[in-house]
Amino acid sequence: EVRSDSSGNATLHALGITPRQGDVLKLLLQGKSAKLICKELALSEGTVKTLYSRALHSLRATLTTGLQA
């Protein structure tokens with residue numbers, strides 16, 4: 001399981017990203033495939049894809065809100 005320090009988790013939370021979504025994003029940024037992430041986090045491929053999709057949605061919403069402010 002991949003976890004950042006408390007300030008990293010606070011940043012993810014501020015962006016609307018859950019800790020588990022953060023785990024998936026961190027592993028993807030390390031260049032790991034969805035199948036490898038499934039094995040590392042003991043999740044199904046569908047769950048990994050859903051977590052990734054929801055994280056991107058949260059990031060888009062946060063960025064869009066920030067640009068409109």
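## Helices and overall make-up

A helix is here a DSSP run of H or I with at least four residues, numbered from the N terminus. In this predicted model, glycine 31 comes just after helix α2 and takes a positive phi of about 90°. The chain has four helices and zero strands, and its elements, followed from the N terminus, run α-α-α-α.

Of the 69 residues in the chain, 28% are buried. Among the contacts in the chain with a separation of 6 or more, 41% are accounted for by residues that are 24 or more positions apart.

## Helix α2 and glutamine 21

Helix α2 spans residues 19-29 and holds glutamine 21. The buried residues in α2 are Gln21, Gly22, Asp23, Val24, Leu25, Lys26 and Leu27, a list in which charged and polar side chains stand beside nonpolar ones.

Glutamine 21 has a relative accessibility of 6%, and it counts as buried because this value falls under the 20% cut-off. When its neighbours within four places in sequence are left aside, glutamine 21 is in contact with Gly16, Leu51, Arg54 and Ala55.

## Helix α3 and its two sides

In α3, the buried residues are Ile37, Cys38 and Leu41. These residues lie on the same side of α3, because they cover an arc of only 105° around the axis. Lys35 and Lys39, by contrast, are exposed on the other side of α3.

## How α2 and α3 meet

Two packed helices are described by the angle between their axes and the distance between the axes. For α2 and α3, the axes come within 10 Å and cross at roughly 130°. That angle falls in none of the ranges for roughly parallel, roughly antiparallel or roughly perpendicular, and the two helices are therefore oblique to each other.

The crossing in which α2 passes α3 is right-handed. On the α2 side the contact is made by Arg20, Asp23, Val24, Leu27 and Leu28, and on the α3 side by Ile37, Glu40 and Leu41.

## The nonpolar core

The largest nonpolar core consists of eight residues, namely Val24, Leu27, Ile37, Cys38, Leu41, Leu43, Val48 and Leu51. The elements that give two or more residues to this core are α2, α3 (34-41) and α4 (45-68), and the largest share, three residues, comes from α3.

Several core members also appear in the descriptions above: Val24 and Leu27 of α2, together with Ile37 and Leu41 of α3, take part in the contact between these two helices, and Leu51 is among the residues that glutamine 21 touches. Leucine 43, itself a member of the core, is in contact with Arg20, Cys38, Val48 and Leu51 once its neighbours within four places in sequence are left aside.

## The loop after α3

Alanine 42 lies in the loop between α3 and α4. Its phi is near 55°, which is a positive value in a residue other than glycine. Glycine 31, the residue with positive phi just after α2, thus has a counterpart after α3 in alanine 42, whose phi is also positive.

Is alanine 42 buried or exposed? With a relative accessible area of 67%, alanine 42 is exposed, because this value is over the 50% cut-off.

Methods. Residues are numbered from 1 along each chain as its sequence is written. This is a predicted model: local features need pLDDT of at least 70, side-chain atom pairs count only at pLDDT 80 or more; totals for chains, interfaces and linings use all residues. Side-chain values use heavy atoms; hydrogens and water are left out. Buried means under 20% relative accessible area, exposed over 50%, partly exposed in between (1.4 Å probe, protein chains only). Contact means heavy atoms within 4.5 Å. A nonpolar core is a set of buried Ala, Val, Leu, Ile, Met, Phe, Trp, Tyr and Cys residues joined through side-chain atoms within 4.5 Å. The arc is that of the directions from the helix axis to the C-beta atoms. Axes are lines fitted to C-alpha atoms, for helices over the stretch in contact, and angles run from 0 to 180 degrees between N-to-C directions. Angles under 35 degrees count as roughly parallel, over 145 as roughly antiparallel, 65 to 115 as roughly perpendicular and the rest as oblique. A crossing is left-handed if the near helix is turned anticlockwise from the far one by less than a right angle, and right-handed if clockwise.
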